[in-house]
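Grab a coffee and open the model in your viewer. Below are some short exercises to work through with the structure on screen.

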Amino acid sequence: MSLIINLAYFVAAVLFIVGLKQMSSPTTARPGIIWAGVGMLLATLITFVHPEISGGVNYTLIVLGIAIGGALAWWSGKKVQMTDMPQMIALYNGMGGGAAAGIGAIYLLQATPETVTTTGLAIAVIGSVIGSVAFSGSLVAYAKLQGLMKKTLNFPGQQLLNLVIIVLVVVLGFMMALGDGTIGGGTLFAFFVLSLAFGVLMTLPIGGADMPVVISLYNALTGLAVGFKGIVLDNPALMIAGIVVGAAGSLLTQLMAQAMNRPLKNILFSQFGGGSSAAEEEIEGTMKEIQANDAGIMMAYSSKVIIVPGYGMAVAQAQHKIWELTELLQKRGVDVKFAIHPVAGRMPGHMNVLLAEAGVPYDIIYDLDEINDEFKTADVAMVIGANDVVNPVARTNPDSPIYGMPILNADEAHNVICVKRGRGSGFSGIENHLFYAENNRMLYGDGQKVAAELVASVKALG
């Protein structure tokens with residue numbers, strides 16, 4: 001039976017890896033999710049015959065947990081809007097970290113000198129810290145993305161307080177790992193409270209512009225925490241799945257930070273995202289408005305149009321109308337392409353998911369490196385709901401918080417149309433100099449309404 005259980009866990013781990021690999025491409029993401037789900041189902045079912053699971057109470061608790069968790073996941077998955085997907089991902093990441101921390105708490109609470117080793121305790125402590133930080137930090141990220149927490153929180157001595165807390169966590173961790181195996185309830189309680197507090201305090205100052213990187217980071221931490229718990233429990237499925245997710249999340253976090261040209265330490269500790277240093281800079285030029293009918297005619301008689309979507313498109317749920325506009329332009333012989341910045345939206349791949357939902361073919365969706373050189377040959381670049389990822393100050397102003405961040409070269413197109421709800425600055429609070437460029441025109445209004453007006457304008461041309 002032990003051989004069968006281990007073999008089942010190994011197969012589940014392989015399915016996790018296959019699923020994760022397929023999720024790396026939009027064309028194979030859906031079957032990848034299914035394969036990973038099959039792996040999770042197998043790992044869950046085989047647990048029922050594990051020799052350490054015996055007695056009606058254990059089976060009842062497992063079934064009850066599956067029923068409650070499955071019902072909540074099904075309900076939330078059906079109910080959530082695509083615009084709310086980032087906060088849902090943040091919440092689910094947090095639940096994984098919290099589960100890992102909970103397993104660690106039970107392991108440490110039940111520890112005795114006869115049943116544990118120093119190595120086992122040390123791994124449990126490390127996994128518990130990582131899981132707790134991922135849990136509480138993800139909940140704060142969820143609150144920020146959901147709009148429940150609209151401002152960053154900064155106060156004097158904040159970094160010093162964080163340092164004191166993490167030092168106390170490390171001291172308590174060493175006490176538990178190097179002790180005689182008997183851990184007091186008070187020590188364990190203080191350890192987890194401080195770990196959770198560190199996750200909250202680390203996330204509170206981080207602004208909205210950095211949220212995609214933060215979500216990716218906490219995803220990596222959750223994976224690492226699960227991997228550590230797999231080692232403690234001697235569970236191959238948890239080990240492999242956790243390590244793979246942790247490694248993939250760490251790589252994605254690094255790639256996202258590079259896409260913003262910001263070291264991870266700056267994202268976590270420099271409070272970018274709520275300031276206004278760049279917004280106060282003097283800007284040359286004025287915003288020039290255009291009407292939807294004129295914008296539609298301009299695109300209809302173009303040879304090449306590049307569309308740059310951002311979170312504003314997601315909020316307006318305009319992706320379906322944008323695709324309808326694209327189809328109309330293509331029928332008129334216009335070469336239409338979509339340009340996606342790595343940190344567009346509120347999570348990695350957010351824009352890709354929205355466009356795929358609307359039915360936009362993958363072969364006309366391009367990443368920054370693939371399409372940036374084409375903007376100079378585009379008749380029109382239409383920016384809908386994006387801000388920092390097309391802001392020219394990233395190239396020109398060393399004093400700007402986003403200086404050095406690779407951007408989409410929308411300003412190099414012959415004509416630029418920026419669809420924007422109002423005249424305010426973007427989510428990070430930085431004024432966009434593209435709006436004042438000579439070749440730019442502002443098209444104000446709700447993204448979906450504007451897109452519908454553009455569709456009507458192109459249709460009217462016959």
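The exercises go from one helix to the cores, a strand, the salt bridges and two unusual backbone angles, and everything here rests on a predicted model.

**Exercise 1. Work out which residues of helix α1 are buried and where they sit around its axis.**

Start with the helix itself: α1 covers residues 2-22, which makes 21 residues. From first C-alpha to last it reaches 30 Å, close to the 30 Å expected at 1.5 Å a residue.

Next, pick out the buried positions: Ile 5, Ala 8, Tyr 9, Ala 12, Ala 13, Leu 15, Phe 16 and Gly 19. Now look down the axis of α1: the buried residues fall within an arc of 160°, so they line one face of the helix. The background rule helps here: an α-helix has 3.6 residues a turn, so residues three or four places apart point the same way.

Then ask what the buried residues of α1 pack against: α2 (29-47) and α9 (236-259). Finally, flip to the face turned away from the buried side, and you'll see the exposed residues Leu 3, Leu 7 and Lys 21.

**Exercise 2. Find the largest nonpolar core and follow the contacts of Leu 454.**

The largest nonpolar core has 84 residues. Its members with the most contacts inside it are Leu 108, Met 299, Ile 322, Met 382, Leu 443 and Leu 454. Helix α5 (residues 118-146) supplies the largest share of this core, eleven residues.

Now zoom in on Leu 454. Skipping residues up to four places away in sequence, Leu 454 touches Ala 292, Ala 295, Gly 296, Met 299, Leu 325, Met 382 and Leu 443.

Is that the whole story for cores? Apart from the largest core lies another, of 34 residues, with Val 343, Ala 381, Val 389 and Ala 410 among them.

**Exercise 3. Decide how the two sides of strand β1 are covered, and name its partner strands.**

Check burial to begin with: in β1 (residues 304-309), six of its six residues are buried. Then sort the side chains: Lys 304, Ile 306 and Val 308 point one way, while Val 305, Ile 307 and Pro 309 point the other way, and all are buried.

On to the partners. β1 pairs with β2 (residues 335-340) in the parallel sense over four bridges, and Lys 304 stands opposite Asp 335 there. β1 also runs parallel to β4 (residues 380-384), joined by five bridges; Pro 309 has Ile 384 as its bridge partner in β4.

Lys 304 turns up in one more place: a network of salt bridges that links Lys 304, Lys 337 and Glu 374.

**Exercise 4. Trace which parts of the chain are joined by the salt bridges of Glu 324, Asp 411 and Arg 421.**

The model has six salt bridges in total. Take three of them in turn.

- Glu 324 pairs with Lys 459, with the closest N and O atoms 3.3 Å apart. This pair links distant parts of the chain: Glu 324 is in helix α13 (residues 319-331) and Lys 459 in helix α17 (residues 447-460), 135 residues apart. Glu 324 is partly exposed, at 24% relative accessible area.
- Asp 411 pairs with Arg 395, the closest N and O atoms being 2.5 Å apart. Asp 411 lies in the loop between α16 (393-396) and β5 (415-420) and Arg 395 in helix α16, so the pair ties together parts 16 residues apart in sequence. Asp 411 counts as buried, at 18% relative accessibility, whereas Arg 395 is partly exposed at 35%.
- Arg 421 and Asp 446 meet at 3.3 Å, N to O. Arg 421 sits in the loop between β5 and β6 (440-444) and Asp 446 in the loop between β6 and α17, so the pair ties together parts 25 residues apart in sequence. Arg 421 is exposed at 57%, and Asp 446 is partly exposed at 27%.

**Exercise 5. Locate Asp 234 and Gln 317, and say how exposed they are.**

First, the general expectation: most residues other than glycine have a negative phi. Asp 234, not a glycine, has a positive phi of about 55°. Asp 234 lies in the loop between α8 (211-233) and α9, and at 60% relative accessibility it counts as exposed.

Gln 317 also has a positive phi, near 55°. Gln 317 is in the loop between α12 (311-316) and α13, and is partly exposed at 38% relative accessible area.

Conventions:
Residues numbered from 1 in each chain as written. Predicted model: local features only at pLDDT ≥ 70, side-chain atom pairs only at ≥ 80, totals over all residues. Heavy atoms only, no water. Expected span 1.5 Å × (residues − 1). Buried < 20%, exposed > 50% of the residue type's maximum accessible area, 1.4 Å probe, protein only. Arc of directions from axis to C-beta. Contact = heavy atoms within 4.5 Å. Core = buried A, V, L, I, M, F, W, Y, C linked by side-chain atoms within 4.5 Å. Salt bridge = Lys/Arg side-chain N within 4 Å of Asp/Glu carboxyl O. Pairing = 2+ DSSP bridges.
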